[in-house]
2 protein chains.
Amino acid sequence: MSHFTKQVEENYLKALFKLKSREIKKVNNIALATYMELNPATVLEMMRKLADKNLVQVLPDKSIQLTETGERKAILIIRKHRLWEVFLVDKLKYKWNEVHDLAEQLEHIESDDLVNRLEEFLKFPAFDPHGDPIPDKNGKIKLNATIPLNLGKKGKTYTVKSFAETEDAFLDYLTNINIQPGTKITVLDLYEYDGSSSVQINNNKLHISEKVAQNILVQLKK
Amino acid sequence: MSHFTKQVEENYLKALFKLKSREIKKVNNIALATYMELNPATVLEMMRKLADKNLVQVLPDKSIQLTETGERKAILIIRKHRLWEVFLVDKLKYKWNEVHDLAEQLEHIESDDLVNRLEEFLKFPAFDPHGDPIPDKNGKIKLNATIPLNLGKKGKTYTVKSFAETEDAFLDYLTNINIQPGTKITVLDLYEYDGSSSVQINNNKLHISEKVAQNILVQLKK
DNA sequence: ATAATATATTTGGGATACCAAATATTTTTC
DNA sequence: GAAAAATATTTGGTATCCCAAATATATTAT
């Protein structure tokens with residue numbers, strides 16, 4: 001096994017986990033290849049290897065699923081990623097929208113003990129800087145019942161909890177329009193035509209696209 | 001360029017730097033291959049690639065040298081390594097002899113900004129947990145005039161400053177015999193026959209081999 | 001100086017992760 | 001149900017990093 005096989009493998013597992021939590025429909029070869037920006041042939045080849053290792057399962061309808069082992073691995077990588085993000089923001093004073101790429105590197109550092117010590121050092125944070133829950137060392141994730149903002153109801157006010165997308169371009173946009181976990185958003189109008197909506201944030205009115213609203217996860221304000 | 005080319009390259013540069021600081025004689029292909037536990041053919045091939053990139057130079061006598069650029073890169077990797085070691089010991093409460101392998105992973109995280117922030121977070125430490133100096137962000141190394149313990153004089157007392165070897169087996173041994181940076185060692189006797197010596201550490205007499213003594217770097221106690 | 005030894009280099013090959021293009025197969029649409 | 005579109009798979013090929021074994025070239029010892 002090459003030195004870097006493990007890191008590559010981890011990227012596939014993580015991608016599968018993310019796609020699964022993000023999409024309703026089944027994850028197929030093309031979807032995974034598109035998401036990972038890889039050639040379908042490459043992905044197919046790798047799926048066979050991962051299936052041999054009992055990390056994924058290809059169902060008769062060709063959809064790809066993580067096995068229990070695979071999902072567990074994926075969750076532990078995400079745990080690492082999110083804990084490192086907390087470190088970068090809390091200790092090294094990075095902004096919450098600057099840390100994704102660094103955490104993407106740090107998540108591959110191989111040592112369970114290190115992650116557990118990091119968690120303790122950070123005082124067992126429940127959420128990362130984007131508001132996503134941090135799985136515990138057994139892979140348990142506290143659920144944070146949220147809906148995407150585009151399913152919000154006209155006139156209601158919601159609290160931003162987390163985001164379904166962690167690309168820098170998206171996070172930069174959010175910073176720009178002043179949205180972060182904890183922000184209160186009131187849905188003023190929903191436009192069926194393109195799925196966009198008009199919202200109010202701290203006395204500012206704003207128009208946001210469906211794509212953006214889908215990636216903002218909120219809870220009804222009590 | 002593959003994803004991991006950079007990491008591989010960094011390992012070669014670091015190995016060359018370490019060999020250079022450790023040995024008097026020239027570093028040749030075999031020495032480097034032996035040190036890195038790689039086949040000479042592999043190393044030769046890589047030296048050509050690194051020479052093309054102006055990171056190393058192969059002299060007419062076949063000895064291998066880092067170029068200025070190569071050395072600079074090597075030093076910055078060592079800087080990262082040592083800063084992460086401080087983090088692991090000071091913040092995550094690792095013992096100083098447990099951190100080498102983890103730092104070996106962390107040193108490849110790619111971000112100058114991250115290292116500089118880490119340094120600031122750690123309050124600009126001058127030495128790592130093994131007593132080795134931490135280069136500054138420009139690659140400057142504070143020198144710590146030391147001699148290997150095997151060159152110590154009978155009857156003199158020395159202060160342990162750092163170590164010339166960072167393998168776990170060696171560090172474990174040191175922990176066992178209670179030697180760390182700061183420890184005072186008195187040379188009681190030197191045996192020419194095998195280069196071993198008899199020393200006193202905190203009222204305990206101890207016999208150490210030449211190999212061990214060579215890797216313990218000390219300063220005469222004032 | 002020659003044999004023995006050490007070092008350097010070449011040659012041919014392997015594993016991993018990737019791709020583009022061709023070919024199957026399945027699904028959708030009309 | 002046939003054509004079009006989407007998806008899946010195969011095939012042939014690339015780059016990187018690695019090795020073992022053969023060969024060439026130095027170096028050392030006698």
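Q: Which residue has a side-chain N or O atom 3.4 Å from a base nitrogen of DNA strand C?
A: This is a predicted model, in which local features need pLDDT of at least 70, side-chain atom pairs count only at pLDDT 80 or more, and totals for chains, interfaces and linings use all residues; side-chain values use heavy atoms, with hydrogens and water left out. Residues are numbered from 1 along each chain as its sequence is written, while chains are lettered from A and ligands numbered from 1 in the order in which they are written. The base nitrogen of DNA strand C lies 3.4 Å from a side-chain N or O atom of Glu45(A).

Q: Which residue has a side-chain N or O atom 2.5 Å from a phosphate oxygen of DNA strand C?
A: Thr42(A) has a side-chain N or O atom 2.7 Å from a phosphate oxygen of DNA strand C. At 2.5 Å, the side chain belongs to Arg48(B).

Q: How many residues surround DNA strand C?
A: A residue is near a strand if one of its heavy atoms lies within 4 Å of it. Those that come nearest to DNA strand C are Asn39(A), Thr42(A), Leu44(B), Arg48(B) and Lys62(B). Sugar and phosphate account for 70% of the strand C atoms within 4 Å of the protein. The residues around DNA strand C number 19.

Q: Which element gives the largest share of the surface near DNA strand C?
A: Helices (H or I, at least four residues) are DSSP runs, numbered from the N terminus. H1 and H3 of chain A and H2 (29-36) and H3 of chain B each supply at least two residues of this surface. The largest share is 5 residues, and it comes from H3(A).

Q: Which residue of chain B places a polar side-chain atom 3.2 Å from a base nitrogen of DNA strand D?
A: Two other residues approach phosphate oxygens of strand D. Ile30(A) has a backbone N or O atom 3.4 Å from one, and Tyr12(B) has a side-chain N or O atom 3.0 Å from one. The base nitrogen is approached by Glu45(B).

Q: Which element gives the most to the surface near DNA strand D?
A: Among the closest of the 19 residues around DNA strand D are Leu44(A) and Asn39(B). Of the strand D atoms within 4 Å of the protein, 72% belong to sugar or phosphate. With 5 residues, the most comes from H3(B).

Q: What is the area buried between chain A and chain B?
A: Buried area is the accessible area (1.4 Å probe) that two parts lose on being put together, summed over both. Contact (heavy atoms within 4.5 Å) takes 23 residues from chain A and 23 from chain B. Carbon and sulfur atoms give 70% of the buried area, which is about 1,900 Å².

Q: Which three residues supply 29% of the area that chain A buries against chain B?
A: No other three residues of chain A supply more. They are Phe4(A), Leu92(A) and Arg117(A).

Q: How many residue pairs are in polar contact between chain A and chain B?
A: A polar contact is a pair of N or O atoms within 3.5 Å; within protein, one must be able to donate a hydrogen and the other to accept it, and residues adjacent in sequence count only if both atoms are side-chain atoms. Both residues of each pair counted here are at pLDDT 80 or more, and the pairs number 10.

Q: Which helix gives the most to the side of chain A that touches chain B?
A: H1 (5-22), H4 (68-91), H5 (100-106) and H6 (112-121) of chain A each supply at least two residues. The most is 5 residues, from H6(A).

Q: What rotation superposes chain A on chain B?
A: Superposition is by least squares on C-alpha atoms of residues with pLDDT of at least 70 in both copies. The shift along the axis is 0.1 Å, the RMSD is 0.1 Å, and the rotation is 179°. The copies are thus related as by a two-fold rotation axis.

Q: How many salt bridges does the rule find across the interface of chain A and chain B?
A: A salt bridge is a side-chain nitrogen of Lys or Arg within 4 Å of a carboxyl oxygen of Asp or Glu. Over all chains the count comes to 20. Across the interface of chain A and chain B the number is 0.

Q: Which residue meets Lys14(A) in a salt bridge?
A: The N to O distance is 2.6 Å, and the partner is Glu107(A). This partner lies in the loop between H5 and H6 of chain A and Lys14(A) in H1, so the pair ties together parts 93 residues apart in sequence. The residue asked for is Glu107(A).

Notes: Contact means heavy atoms within 4.5 Å.
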